[in-house]
Amino acid sequence: MSGYLESQLIILCLSIIYAYGIFLPAASGQLNLGAAGFITLGAYASAWFNASTGAELPIWLSVFLAMLFTGGIAFLISFPILRTRGVYMVLATFAFAEVVAGIVINVEELGAAAGMPVDGHLDVTVIVPVTIFVILFCFYFMSTRLGVALRSIHDDENVATLFGVNVRAAKVAAFTVGAMLMSLGGSLYGHHYNYIEAQTFNVLLSIYILLYVLMGGTQTAWGPLIGAVFFITVPEAIRGVAESAGIGWLAEGRFMLFGAFIVLLMVFRPEGVMTRTLQDRMSGAILRRKQTSIDDAAVRS
Amino acid sequence: MTKNVLEISGMHKSFGGLKVIDDVSFNVSHGSRTALIGPNGAGKTTVFNLLTGVYAIDSGVITVDGEDITHVLPKDRVTAGMSRSFQNIRLMPHLSTVENVILGQHARARKLSSLMFPLGLLPKNDWRLSAEEALDNAGIGTYPGEIVANLPYGVQKRIEVVRALVSQPKLLLLDEPAAGLNEVETNQLQELLEQVSDQGVTILVVEHDMQFVRNLCDHIVVLNFGRKIFEGTPETVHQDPAVLEAYLGTDDEVSEAPHAS
């Protein structure tokens with residue numbers, strides 16, 4: 001694999017992990033613009049655990065401890081934050097991320113504004129399997145009764161309550177598990193590039209990740225995967241095609257075309273690319289095809 | 001004496017200065033099919049909302065099967081044995097038929113191991129099969145995987161009843177289950193409810209369709225302006241002067257029974 005493709009693959013994998021972290025609360029209707037905050041916590045916590053033990057700690061253990069740490073913080077802040085709704089929750093989570101960045105930039109032990117070197121390298125042979133594991137975990141998570149409960153909360157919180165769903169607990173669980181996934185992504189980032197600084201994890205990153213999820217669709221576990229793959233590969237693909245075709249202005253201005261894409265997507269697929277209905281239609285078509293071939297076989301025999 | 005599944009005594013509820021429910025008391029005996037009727041705005045749906053905890057009660061006591069649930073949290077009332085359907089369909093639009101029914105099972109599956117069981121990944125598991133069976137029994141087994149938003153109104157109404165039923169309630173609260181249904185659909189609904197009642201589930205139904213109420217119910221409670229004005233059998237309800245007055249006014253010429261309004 002060429003260096004360029006490998007670096008793109010790493011970015012794609014990290015984006016997918018981040019996107020699933022935002023997707024879990026989004027599936028229950030909670031908009032979280034605090035991705036950068038949780039990623040920062042994960043990246044710095046695992047770097048710090050690693051550094052403070054003189055790189056004695058195995059990388060997987062410091063990554064795991066960072067997940068627990070971030071999960072703990074997310075659990076604590078979820079109670080005030082989940083009292084807010086809609087755009088107010090967007091603002092509250094955004095504020096949280098700003099607070100995290102503000103703290104990191106002012107703490108000398110974490111390298112302050114100069115950033116922090118990270119010991120222990122993780123390459124593509126670790127990051128890709130971990131990403132696949134995260135994807136499978138999220139498909140499992142959404143297929144459970146808790147997943148059904150989260151989707152119910154998205155549709156009608158009050159009715160979900162009347163059928164015995166503990167709405168608060170379900171929301172806290174989704175928010176916390178999502179934060180732990182983002183922490184994992186942040187740790188992988190740190191251990192891959194071996195250098196982290198708070199400015200990398202800015203609000204633009206949070207916005208992009210939320211966009212991956214909303215564009216991909218929050219109704220099925222396919223959404224964040226499709227959204228992240230689309231956002232990461234399409235601009236690069238446009239550049240590749242434009243460069244090989246010798247259209248310089250398109251290669252430079254590929255985000256203009258991409259922006260137009262997004263507008264069209266919002267017009268024609270306001271609930272995201274992958275909706276529940278679309279999934280049913282596709283799987284229904286496959287099932288029907290199977291059924292007819294079985295029927296045909298029965299007729300022939 | 002038959003045991004009461006539901007006992008309401010001295011129920012009060014005001015919104016601001018408006019007394020919506022004013023000292024309402026009645027009992028629903030085990031296995032009965034009770035109707036709660038009254039003109040528009042009488043407070044029927046408010047009674048349901050107080051029973052299920054959507055609104056907090058001002059004063060009074062509610063017991064379900066002998067258990068005082070007056071101050072039990074809404075999410076725990078379903079485990080006390082009470083489940084409801086809604087006047088306006090409130091199925092989850094983005095969930096399939098079978099997933100809506102699976103939501104109805106939630107009260108019986110609140111252990112962590114049940115919550116984390118991958119219902120969606122295993123095509124044949126007990127929860128899913130029992131949900132499909134409940135739909136089959138109600139005669140709507142043909143659409144298990146479909147998104148409910150795309151189904152006919154009458155079918156959605158019956159799915160609401162099935163969703164309420166799979167929590168295995170002692171008391172089933174139905175808020176205008178026949179509203180907006182045509183004759184065929186109403187008959188199908190009645191059949192389903194009779195079948196449910198025969199299995200020992202007590203039914204309390206709010207309904208305007210008097211034909212439906214007379215066919216289904218054995219006991220009637222009438223509310224008007226938040227007060228109970230009548231309690232008795234369907235045979236005597238249309239002879240009661242207070243009920244006639246509530247529905248038709250005080251014209252002496254009128255001797256018609258209350259009917260669909």
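Which residues of α5(B) do T97(B), V98(B), V101(B) and I102(B) in α3(B) meet? The answer is W127(B), R128(B), A131(B), E132(B), A134(B) and L135(B). This contact is a good place to enter the structure, which is a predicted model.

Look at the two helices themselves. Helix α3 of chain B covers residues 97–104, and helix α5 of chain B covers residues 126–137. Their axes are 9 Å apart, and they pack at an angle of about 105°. That angle makes α3(B) roughly perpendicular to α5(B). The residues of this contact divide into 7 nonpolar, 1 polar and 2 charged.

Now step back to the chains. Chain A has 13 helices and 2 strands. It holds 301 residues, and for that number a compact globule would have a radius of gyration near 19 Å. Chain A has 21 Å, which agrees. Its C-alpha atoms fill a box of roughly 75 × 60 × 40 Å along the principal axes. Buried residues make up 44% of chain A. Take the contacts in chain A between residues at least 6 apart in sequence: 77% of them join residues at least 24 apart.

One residue of chain A shows such a link across the sequence. F75(A) lies in helix α3 of chain A, which covers residues 59–81. Is F75(A) buried, partly exposed or exposed? It has 16 C-beta neighbours inside 10 Å, so F75(A) counts as partly exposed. Leave aside its neighbours within four places in sequence, and F75(A) is in contact with V172(A) and T176(A). F75(A) and V177(A) are 102 residues apart in sequence. In space, their C-alpha atoms are 9.0 Å apart.

Turn to chain B. It has 10 helices and 10 strands. The globule rule gives 18 Å for its 261 residues, and its radius of gyration is close to that, at 19 Å. Chain B is therefore as compact as a globular protein of that length. The box filled by its C-alpha atoms is roughly 65 × 40 × 40 Å along the principal axes. In chain B, 44% of the residues count as buried. Of its contacts between residues at least 6 apart in sequence, 68% join residues at least 24 apart.

Next come the strands of chain B. Strands of a sheet pair through backbone hydrogen bonds, either parallel or antiparallel. One open sheet has 4 strands in the order β2-β1-β4-β5 of chain B, with antiparallel pairing. Strands β2 (18–29) and β5 (67–68) of chain B stand at the edges. Each has a single partner strand, so one side of each is left without a neighbour in the sheet. Inside this order, β1(B), residues 4–15, is joined to β4(B), residues 59–64, by 5 bridges. On this pairing, H12(B) stands opposite S59(B) in β4(B).

A helix lies across this part of the chain. Helix α1 of chain B, residues 44–52, crosses β1, β2 and β4 of chain B. It runs at about 70° to β2(B). How many residues of α1(B) are buried? The count is 8 of its 9 residues, so to speak of α1(B) as mostly covered is fair. Among the buried residues are V47(B), F48(B), L50(B) and L51(B), along with K44(B). Just after α1(B), G53(B) takes a positive phi of about 85°.

Other strands of chain B pair in both senses. Strand β3(B), residues 33–37, and strand β9(B), residues 219–224, pair in the parallel sense over 4 bridges. Here L36(B) has V221(B) in β9(B) as its bridge partner. β9(B) also pairs with strand β10(B), residues 227–232, in the antiparallel sense over 5 bridges. In that pairing, I220(B) stands opposite G232(B) in β10(B). The hairpin of β9(B) and β10(B) has 2 residues between the strands, and F225(B) in this hairpin takes a positive phi near 45°.

Finally, see where the chains touch. There, 31 residues of chain B are in contact with 24 residues of chain A. On the side of chain B, the elements giving two or more residues are α2 (74–77), α3 and α4 (112–115). The largest share, 4 residues, comes from α3(B). The residues on this side divide into 17 nonpolar, 9 polar and 5 charged. Thus the walk ends at α3(B), the helix that also packs with α5(B).

Definitions and conventions: Residues numbered from 1 in each chain as written. Chains lettered and ligands numbered in written order. Predicted model: local features only at pLDDT ≥ 70, side-chain atom pairs only at ≥ 80, totals over all residues. Axes fitted to C-alpha atoms, helices over the stretch in contact; angles between N-to-C directions. Parallel < 35°, antiparallel > 145°, perpendicular 65-115°, else oblique. Contact = placed C-beta atoms within 7 Å. Nonpolar A, V, L, I, M, F, W, Y, C, P; charged D, E, K, R; others polar. Pairing = 2+ DSSP bridges. Rg over C-alpha atoms; globule rule 2.2 N^0.38 Å. Buried ≥ 20, exposed ≤ 12 C-beta atoms within 10 Å, placed from the backbone.
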